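Reader: I am new to reading protein models. Please take me through the one shown here, with questions and answers.

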Amino acid sequence: MARIAIGGFQHETNTFAPSKADYAAFEAGGGWPGAQYGEPIFSAVEGANIPAAGAIQALRARGHSLVGTAWAAASPSAHVTADDFERIATELLRRIEAAAPLDGVYLDLHGAMVVETHDDGEGEILRRVRAAVGARVPVVASLDLHANVTRAMVERADALVAYRTYPHVDMAETGARAARLLDQMLRSGERPKRGFQQLDYLTGIPSQCSFIEPCRTIYQELSALEERYGGVLSFTPGFPMADFAECGMAVFGYGFEEAWSADAVERLRGAVADAEKDFAMELHEAPDAVRRARRLGEPGAPVVLADTQDNPGAGGNGDTTGLLRSLMDQDATDAVLGMLIDPASARRAHEAGQGSTAIFSLGGKSRIAGDSPLAGEFTVERLGEGRFTCSGPMFKGFRMNLGPMALLRSRAAPGVRAVLASRKCQAADQDMFRHLGVEPRRERIVALKSSVHFRADFEPIAKEVMVVKAPGPALADPAEFKWTKLRKGVRLRPLGPVHS
Ligand SMILES: [Zn+2]
């Protein structure tokens, strides 16, 4: 039996996004549990599809004794502020030091954190943890599929293990996989061999979905390579919205087996390099997408529109109005958009009361280029307190606390409704609509502020899915960002222009 510290500090940083992550954002969690310290970590993540939950369960099943340290996550946004990074990191380190002597450390990290003061947030966290526990104690971290994995992270951790699914239905399973590697290190007293390579092109997040090509085949290849060589491999297509030198795709792996060598990683790198052209993806302008959706969608088989560039899961504030405006302009029927994150309008709806009609100025608060508030008369159809537990495959077991919510119906375009929430969270679970009495399957058009995660719960009911390009800070084409710190020589989209 070993004594293992459990910690976590997750942020996915879109350095081009309008708002930074402060302590209040880590307290709110954005759908994840709010910041936790000590023993309460265990109950906060229990039963949810969260990496730490999977790791805790796997380590306990192997008889280890666990010490809770610090666990915090916030909605994706611009940089983590320096002060709030220090506040959480200091608490994590203080508790790891207080837990000595330790035999191992497991960390639940994202892998795309940019701090005002550190471009490579996780590299810095791992540097401090390594300095605290020394070289002898194994440190293993699980990572998001959207990790931008750096050389410093690989050097400072004994192993890194990333999700293999996008939508991330395997978060808890990934935590368990990382835990098994840690357990193997503790039992053998050895460290695995390792390999790591970065690729030289970026691809937008809508194209990274593991349900579709080329990622479906790449992850199959990853599993085949593990069958052949043993060990644990990861492929992270990265988060192409974090402007720092090492942003982008990476492959990495670890193995104890005789047959294992960095060849396994090299073969996986080859598969990703060969797939470059297949990452190109069709995006639709909002008016075109709505026209097609009006024609094809029917109650029982809605067309699902992904408002990808304002995805709160990629740094959007979820308050741009471009797609909602297109739905209203074209007088769509049986159409619902969710979730528009607008606390002021949600409060106004609660003050007005259910059944009343009032003038609203919806969204547009983030001052995104090409976007503005949408003013008009809306009827308040339903109110909610924003507390419910998700049941879809991705957010299964997540206990939501989204603040006051409201369902509004446009008076100008009475076939169009909008679901409002007060706290940022990506629309990736049907329960976000059911909380206000909307059954998504009965609509003709369901518009979602999400890039890919929605597919886990919504694709089974969708007649068709279209990825829409409307105003927002989470650009689907990384070549449209003004990169300043990215290393030279990287192609800014598949087969696209080279950053110089
Ligand atoms: Zn992710």
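**Sheets, helices and the whole chain**

Author: One open sheet has three strands in the order S7-S9-S8, with antiparallel pairing. Its edge strands, S7 (193-198) and S8 (232-236), each pair on one side only. The model is a predicted one: local features need pLDDT of at least 70, side-chain atom pairs count only at pLDDT 80 or more, and totals for chains, interfaces and linings use all residues. Residues are numbered from 1 along each chain as its sequence is written, and side-chain values use heavy atoms, with hydrogens and water left out.

Reader: Which residue is the bridge partner of Leu233 in S9?

Author: Strands (E, at least two residues) and helices (H or I, at least four) are DSSP runs, numbered from the N terminus. Two strands pair if DSSP finds at least two bridges between them. S8 and S9 (residues 250-255) run antiparallel and are joined by five bridges. In S9, the partner of Leu233 is Gly253.

Reader: Which strands stand at the edges of the sheet of nine strands?

Author: This open sheet has mixed pairing and the order S10-S20-S11-S19-S12-S18-S17-S14-S13. Two of its strands have a single partner strand each, so one side of each is left without a neighbour in the sheet; they are S10 (284-285) and S13 (357-362).

Reader: What angle does the direction of helix H10 make with that of S20?

Author: Helix H10 (residues 286-296) packs on the sheet and touches S10, S11 (303-307), S19 (445-448) and S20 (464-469). Axes are lines fitted to C-alpha atoms, for helices over the stretch in contact (heavy atoms within 4.5 Å). Angles run from 0 to 180 degrees between N-to-C directions. For H10 and S20 the angle is about 160 degrees.

Reader: Which residue in S18 stands opposite Leu337?

Author: Strand S12 (residues 335-341) and strand S18 (residues 416-421) run parallel, joined by five bridges. Opposite Leu337 in S18 stands Ala418.

Reader: Which residues form the covered face of S13?

Author: S13 pairs with S14 (residues 374-384) in the antiparallel sense, over six bridges. In S14, the bridge partner of Leu362 is Leu374. The uncovered face of S13 has Thr357, Ile359 and Ser361, while the covered face has Ala358, Phe360 and Leu362.

Reader: How far apart are the end C-alpha atoms of helix H4?

Author: The expected span of a helix is 1.5 Å times one less than its number of residues. H4 (residues 82-98) has 17 residues, so 24 Å is expected. The distance between its end C-alpha atoms agrees: 24 Å.

Reader: Is Pro343 buried, partly exposed or exposed, and which is its class?

Author: Pro343 is found in helix H12 (residues 343-352). Leaving aside neighbours within four places in sequence, Pro343 is in contact with Ala421 and Ser422. Buried means under 20% relative accessible area, exposed over 50%, and partly exposed in between (1.4 Å probe, protein chains only). Pro343 has 40% relative accessibility and so counts as partly exposed.

Reader: What is the radius of gyration of the chain?

Author: The radius is taken over C-alpha atoms, and the globule rule is 2.2 Å times the number of residues to the power 0.38. With 500 residues, a compact globule would have a value near 23 Å, and the chain agrees with this, at 22 Å.

Reader: What share of the residues in the chain is buried?

Author: The secondary structure of the chain comes to 14 helices and 20 strands. Of the 500 residues in the chain, the buried ones make up 65%.
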